[in-house]
Amino acid sequence: KDIQPPVITLGLCRGTGLSLAVLVRMTITGKSFMGGYMEIKPAANLTAQGRLAQDALGTPRFNSESCRVALLSVKTNLPSNRLPNVLNKFLDRTLQKVLPTLLCPAVDAVLGLLNARLAPITSEAPLGTTGTLRYALLHPPAVTETFIQLDLKTILRPKEGAETELPAVQPPLGALPPKRAAATQLVLSAALLSAALHAQPDAFALDVTDTMVLGLPPLATSMLGTLIPEVSAALPPSQPLLVAMRAAGPPLVTITPRAASVRLSGTAAFVASPTGAAPQPLFVLDV
């Protein structure tokens with residue numbers, strides 16, 4: 001006839017996953033085999049576990065196991081002098097068989113909702129025009145009595161080319177910030193940020209021309225002769241100058257409790273651009 005809102009108790013089991021306890025109250029009505037209207041109100045406790053593991057794609061996933069239903073109490077409108085035999089027979093042959101089939105699929109439904117929230121972890125995310133990034137579990141999830149820890153590795157798929165697994169350097173647990181109660185905490189390692197920047201080399205490519213330099217003398221070869229007298233004799237006459245900045249290696253991110261910094265290793269190629277002639281490379285600086 002009806003099922004009352006369940007009372008759910010959820011906890012974490014060290015090394016496995018979730019423990020669920022669900023108190024269910026319902027009303028079952030029908031025609032009594034002794035004649036007349038029958039109403040039975042059982043209260044049952046459902047207990048189950050959701051084991052947290054990783055599937056073949058490296059996605060964390062809950063799987064239900066050991067679902068059990070225990071009857072706590074039964075109330076009925078049958079006359080009290082007929083209760084013992086009738087209830088015992090009904091409980092043994094009907095409720096104990098029907099309730100697990102009725103209630104245990106609800107556990108799978110709840111875990112299915114949780115898995116739907118976890119699935120995007122390994123889905124591909126666009127990384128500008130460079131390609132895509134996706135994540136996979138570095139190792140099986142770690143479950144304690146108070147939190148679940150998921151360590152992820154980064155996989156880069158360039159726009160053209162095969163997947164590349166970027167280095168995953170895990171910070172020691174003692175170096176992580178304190179875990180706040182009842183909060184989701186996301187910790188990004190310096191290695192992960194370095195990998196994300198490394199996946200976008202074009203972002204650090206820049207051609208510096210005279211129109212881009214504001215408040216400085218005109219960008220020309222004569223200016224180089226003023227700055228570097230030793231090479232002034234080798235430079236062509238005063239001509240427009242182009243400086244091509246390019247990344248020469250992966251960016252290196254350093255994180256401290258007070259600040260984060262990024263070190264970029266690159267080259268600055270100085271090129272003379274005479275009007276109507278081919279560009280003339282002059283020299284390259286490591287920067």
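Let me begin with one residue, Arg246, which is partly exposed, with a relative accessible area of 35%. I should say at once that what we have on the screen is a predicted model, and that everything I describe should be heard with that in mind.

Arg246 forms a salt bridge with Asp207, and the closest N and O atoms of the two residues are 2.9 Å apart. Asp207 sits in strand S12, which covers residues 206–208, while Arg246 belongs to strand S13, residues 241–247, so this pairing ties together parts of the chain that are 39 residues apart in sequence. Asp207, like its partner, is in the middle category of accessibility: at 36% it counts as partly exposed.

With that pair in view, let me step back to the chain as a whole. It has 287 residues, of which 29% are buried, and its secondary structure consists of three helices and 17 strands. If we take the contacts between residues at least 6 apart in sequence, 51% of them join residues that are at least 24 apart. The accessible surface of the chain comes to about 18300 Å², and carbon and sulfur atoms account for 60% of that area.

How many salt bridges does a search of the whole structure find? There are five, and the Asp207 and Arg246 pair is one that I have already described. In general terms, side chains of opposite charge can pair when their charged atoms come close. Another of these pairs is made by Arg157 and Glu124, whose side chains meet at 3.3 Å, N to O. This pair also links distant parts of the chain, since Arg157 is in strand S10, residues 152–158, whereas Glu124 is in the loop between H1 and strand S6, and the two are 33 residues apart. Arg157 is partly exposed, at 35% relative accessible area, and Glu124 is partly exposed as well, with a value of 43%. A further salt bridge brings together the side chains of Glu39 and Lys41, with an N to O distance of 3.9 Å, and here Lys41 counts as partly exposed at 40% relative accessibility.

Let me turn now from charged pairs to cysteines. A disulfide is a covalent bond between the sulfur atoms of two cysteines. Searching the whole structure gives one disulfide, and it joins Cys67 to Cys104, with the two sulfur atoms 2.0 Å apart. Cys67 lies in strand S5, residues 60–76, and Cys104 in helix H1, residues 83–118, so the bond ties a strand to a helix across 37 residues of sequence. The torsion about the S-S bond is about -90°, and the disulfide is therefore left-handed.

Are the two bonded cysteines buried or exposed? Cys67, at 30% relative accessibility, counts as partly exposed, whereas Cys104, with a relative accessible area of 16%, is buried. Cys13 is also worth pointing out while we are on cysteines, and at 18% relative accessibility it counts as buried.

Finally, I would like to show you a part of the surface with a nonpolar character. Which residues make the nonpolar surface patch of about 370 Å²? They are Leu186, Leu188, Leu193 and Ile255. Leu186 is located in the loop between strand S11, residues 164–165, and helix H2, residues 190–198, and with a relative accessible area of 72% this leucine is exposed.

Terms used: Residues are numbered from 1 along each chain as its sequence is written. This is a predicted model: local features need pLDDT of at least 70, side-chain atom pairs count only at pLDDT 80 or more; totals for chains, interfaces and linings use all residues. Side-chain values use heavy atoms; hydrogens and water are left out. Helices (H or I, at least four residues) and strands (E, at least two) are DSSP runs, numbered from the N terminus. Buried means under 20% relative accessible area, exposed over 50%, partly exposed in between (1.4 Å probe, protein chains only). Contact means heavy atoms within 4.5 Å. Accessible areas come from the Shrake-Rupley method with a 1.4 Å probe; for residues, only the protein chains shown count as cover. A disulfide is a pair of cysteine sulfur atoms within 2.5 Å. A salt bridge is a side-chain nitrogen of Lys or Arg within 4 Å of a carboxyl oxygen of Asp or Glu. Patches are made of residues with over 30% relative accessible area and no salt bridge: like charges are joined within 9 Å, nonpolar side chains (Val, Leu, Ile, Met, Phe, Trp, Tyr) within 5 Å.
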